[in-house]
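Work through the following exercises with the sequence and the model beside you, and try each task before you read its solution.

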Amino acid sequence: MRIFFCTGNQSKINEANQFASLFRPEITFEMDKICFSEIQSLSQEEILLHKLSQKKDDKFPFVIDETGIFFEEFNDFPGTLTKFIFTSLGCEGIKRLLTKNKRAFYRTTLLYSEDGKNYSFHTGMIYGHIDFNKTEICDKNFPFSSIFIPEGFNKPLIEISSHRKFMDHR
(Lines give C-alpha, C1' and ligand atoms only; values in the text may rest on other atoms or scores of the structure.)
Protein backbone atom coordinates (compact mmCIF):
# COMPACT_ATOMS: atom_id res chain seq x y z
CA MET A 1 0.00 0.00 0.00
CA ARG A 2 1.37 3.41 -0.97
CA ILE A 3 0.72 6.44 1.24
CA PHE A 4 1.66 9.93 0.09
CA PHE A 5 3.48 12.05 2.66
CA CYS A 6 2.77 15.73 2.02
CA THR A 7 6.14 17.32 2.69
CA GLY A 8 9.19 18.68 0.95
CA ASN A 9 11.47 17.09 3.56
CA GLN A 10 13.09 13.92 2.21
CA SER A 11 14.34 13.06 5.71
CA LYS A 12 10.73 12.63 6.86
CA ILE A 13 10.05 10.25 3.96
CA ASN A 14 13.16 8.23 4.77
CA GLU A 15 12.22 8.02 8.45
CA ALA A 16 8.63 6.96 7.65
CA ASN A 17 9.83 4.26 5.25
CA GLN A 18 12.37 2.98 7.78
CA PHE A 19 9.61 2.66 10.37
CA ALA A 20 7.20 1.03 7.91
CA SER A 21 9.82 -1.49 6.79
CA LEU A 22 10.15 -2.69 10.38
CA PHE A 23 6.55 -2.66 11.53
CA ARG A 24 4.30 -2.45 8.45
CA PRO A 25 6.32 -3.71 5.45
CA GLU A 26 3.23 -3.61 3.21
CA ILE A 27 3.27 0.22 3.45
CA THR A 28 5.58 2.54 1.55
CA PHE A 29 5.63 6.31 1.73
CA GLU A 30 6.08 8.52 -1.31
CA MET A 31 6.63 12.27 -1.28
CA ASP A 32 3.83 14.56 -2.37
CA LYS A 33 5.85 17.77 -2.41
CA ILE A 34 3.57 20.59 -1.36
CA CYS A 35 4.79 23.99 -0.17
CA PHE A 36 2.23 24.83 2.49
CA SER A 37 1.67 28.29 3.88
CA GLU A 38 1.22 28.00 7.63
CA ILE A 39 -1.07 29.96 9.85
CA GLN A 40 0.05 31.17 13.27
CA SER A 41 -1.66 28.92 15.79
CA LEU A 42 -0.68 27.04 18.91
CA SER A 43 -2.93 24.14 17.83
CA GLN A 44 -1.32 21.44 15.73
CA GLU A 45 -4.75 20.28 14.60
CA GLU A 46 -5.73 23.77 13.42
CA ILE A 47 -2.50 24.06 11.44
CA LEU A 48 -3.08 20.63 9.88
CA LEU A 49 -6.61 21.55 8.83
CA HIS A 50 -5.25 24.71 7.19
CA LYS A 51 -2.66 22.60 5.34
CA LEU A 52 -5.39 20.17 4.30
CA SER A 53 -7.34 23.05 2.73
CA GLN A 54 -4.31 23.75 0.49
CA LYS A 55 -3.95 20.20 -0.84
CA LYS A 56 -5.45 20.29 -4.33
CA ASP A 57 -4.08 17.15 -5.99
CA ASP A 58 -5.66 13.71 -6.10
CA LYS A 59 -2.89 11.69 -4.48
CA PHE A 60 -4.59 9.44 -1.93
CA PRO A 61 -4.25 8.18 0.75
CA PHE A 62 -1.98 10.75 2.39
CA VAL A 63 -0.56 12.06 5.66
CA ILE A 64 0.38 15.58 6.67
CA ASP A 65 2.37 16.16 9.85
CA GLU A 66 2.98 18.94 12.33
CA THR A 67 5.82 18.51 14.81
CA GLY A 68 7.08 20.66 17.63
CA ILE A 69 9.25 20.56 20.69
CA PHE A 70 7.67 21.77 23.90
CA PHE A 71 9.60 23.15 26.91
CA GLU A 72 7.99 22.58 30.30
CA GLU A 73 9.61 25.75 31.66
CA PHE A 74 7.62 27.88 29.22
CA ASN A 75 4.17 26.32 29.44
CA ASP A 76 4.97 24.01 26.53
CA PHE A 77 6.38 26.76 24.27
CA PRO A 78 7.59 26.84 21.42
CA GLY A 79 5.42 23.96 20.14
CA THR A 80 4.05 24.87 16.73
CA LEU A 81 6.55 27.74 16.54
CA THR A 82 9.59 25.45 16.88
CA LYS A 83 11.09 26.07 13.43
CA PHE A 84 10.62 29.85 13.68
CA ILE A 85 12.08 30.05 17.21
CA PHE A 86 15.09 27.92 16.34
CA THR A 87 15.75 29.89 13.15
CA SER A 88 15.49 33.15 15.10
CA LEU A 89 17.39 32.21 18.27
CA GLY A 90 19.62 29.27 17.40
CA CYS A 91 21.11 27.00 20.05
CA GLU A 92 22.68 29.86 21.99
CA GLY A 93 19.39 31.73 22.27
CA ILE A 94 17.56 28.59 23.39
CA LYS A 95 20.32 28.03 25.93
CA ARG A 96 19.73 31.50 27.40
CA LEU A 97 15.98 30.82 27.61
CA LEU A 98 16.16 27.48 29.44
CA THR A 99 17.74 28.39 32.75
CA LYS A 100 15.76 26.36 35.30
CA ASN A 101 13.82 23.45 33.84
CA LYS A 102 15.25 21.72 30.79
CA ARG A 103 12.48 19.09 30.59
CA ALA A 104 10.93 18.89 27.14
CA PHE A 105 8.94 16.67 24.83
CA TYR A 106 8.41 16.26 21.12
CA ARG A 107 4.85 15.98 19.87
CA THR A 108 3.84 15.11 16.33
CA THR A 109 0.28 15.13 15.13
CA LEU A 110 -0.49 13.44 11.83
CA LEU A 111 -3.55 14.03 9.72
CA TYR A 112 -4.41 10.92 7.72
CA SER A 113 -6.96 10.86 4.90
CA GLU A 114 -7.94 8.31 2.29
CA ASP A 115 -10.04 10.69 0.20
CA GLY A 116 -9.20 14.30 1.16
CA LYS A 117 -12.60 14.78 2.80
CA ASN A 118 -12.59 12.39 5.75
CA TYR A 119 -9.59 12.46 8.04
CA SER A 120 -8.29 11.42 11.43
CA PHE A 121 -5.62 12.79 13.75
CA HIS A 122 -2.88 10.64 15.32
CA THR A 123 -0.45 11.94 17.94
CA GLY A 124 2.92 10.66 19.10
CA MET A 125 5.11 12.00 21.90
CA ILE A 126 8.56 11.39 23.32
CA TYR A 127 9.78 12.86 26.63
CA GLY A 128 13.24 13.90 27.71
CA HIS A 129 15.36 16.97 28.39
CA ILE A 130 17.58 19.47 26.61
CA ASP A 131 21.35 19.08 27.04
CA PHE A 132 23.53 21.94 25.85
CA ASN A 133 26.81 20.06 26.29
CA LYS A 134 26.31 18.99 22.69
CA THR A 135 25.37 22.08 20.72
CA GLU A 136 26.59 21.10 17.25
CA ILE A 137 23.58 20.77 15.01
CA CYS A 138 24.03 17.60 12.97
CA ASP A 139 20.83 17.61 10.95
CA LYS A 140 19.33 20.88 9.73
CA ASN A 141 16.01 19.10 9.12
CA PHE A 142 15.72 18.06 12.79
CA PRO A 143 17.88 20.59 14.72
CA PHE A 144 16.57 19.88 18.22
CA SER A 145 17.39 16.18 17.84
CA SER A 146 21.02 17.11 18.50
CA ILE A 147 20.30 18.56 21.95
CA PHE A 148 17.24 16.50 23.00
CA ILE A 149 18.06 13.55 25.29
CA PRO A 150 15.18 11.03 25.47
CA GLU A 151 14.23 9.62 28.86
CA GLY A 152 16.35 6.60 29.74
CA PHE A 153 19.23 7.60 27.45
CA ASN A 154 22.39 9.70 27.84
CA LYS A 155 22.85 10.58 24.16
CA PRO A 156 20.95 12.99 21.92
CA LEU A 157 18.09 11.57 19.89
CA ILE A 158 20.07 11.96 16.67
CA GLU A 159 22.82 9.65 18.01
CA ILE A 160 20.50 6.86 19.10
CA SER A 161 20.27 5.39 15.63
CA SER A 162 20.03 1.76 16.72
CA HIS A 163 17.26 2.49 19.23
CA ARG A 164 15.51 5.31 17.39
CA LYS A 165 13.49 2.93 15.25
CA PHE A 166 11.67 1.89 18.43
CA MET A 167 11.19 5.36 19.83
CA ASP A 168 10.13 8.32 17.84
CA HIS A 169 7.47 10.98 18.11
CA ARG A 170 6.41 10.63 14.46
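**Exercise 1: the partners of one strand**

F70 stands opposite P78 in β4. The model is a predicted one, in which local features need pLDDT of at least 70 and side-chain atom pairs count only at pLDDT 80 or more, while totals for chains, interfaces and linings use all residues. Residues are numbered from 1 along each chain as its sequence is written, and side-chain values use heavy atoms, with hydrogens and water left out.

Task: find out with which strands β3 pairs, and in which sense.

Solution. Begin with the terms: strands (E, at least two residues) and helices (H or I, at least four) are DSSP runs numbered from the N terminus, and two strands pair if DSSP finds at least two bridges between them.
- Step 1. β3 and strand β4 (residues 77–79) are antiparallel and share three bridges; in their hairpin, which has five residues between the strands, N75 takes a positive phi near 50 degrees.
- Step 2. With strand β5 (residues 103–113), β3 pairs in the antiparallel sense over ten bridges, and here E66 stands opposite T109.
- Step 3. Strand β1 (residues 2–6) runs parallel to β3 and is joined to it by two bridges, F5 having V63 as its bridge partner.
- Step 4. Nine of the ten residues of β3 are buried (under 20% relative accessible area, where exposed means over 50% and partly exposed in between, with a 1.4 Å probe and protein chains only), so β3 is largely enclosed by the rest of the structure.

**Exercise 2: salt bridges**

Task: decide which parts the salt bridge of E66 and K51 ties together, and whether each of the two residues is buried or exposed.

Solution. A salt bridge is a side-chain nitrogen of Lys or Arg within 4 Å of a carboxyl oxygen of Asp or Glu.
- Step 1. The side chains of E66 and K51 meet at 3.0 Å, N to O.
- Step 2. Because E66 lies in strand β3 and K51 in helix α2, the pair ties together parts that are 15 residues apart in sequence.
- Step 3. E66 is buried at 5% relative accessible area, and K51 is buried at 6%.

Task: trace the network of salt bridges that contains D32.

Solution.
- Step 1. The closest N and O atoms of K59 and D32 are 3.7 Å apart, and the two form a salt bridge.
- Step 2. K59 lies in the loop between α2 (44–54) and β3 (62–71) and D32 in strand β2 (residues 28–32), so this pair ties together parts 27 residues apart in sequence.
- Step 3. K59 is partly exposed at 33%, whereas D32 is buried at 2%.
- Step 4. K55 and D57 form a salt bridge at 2.2 Å, N to O, and the network links D32, K55, D57 and K59.
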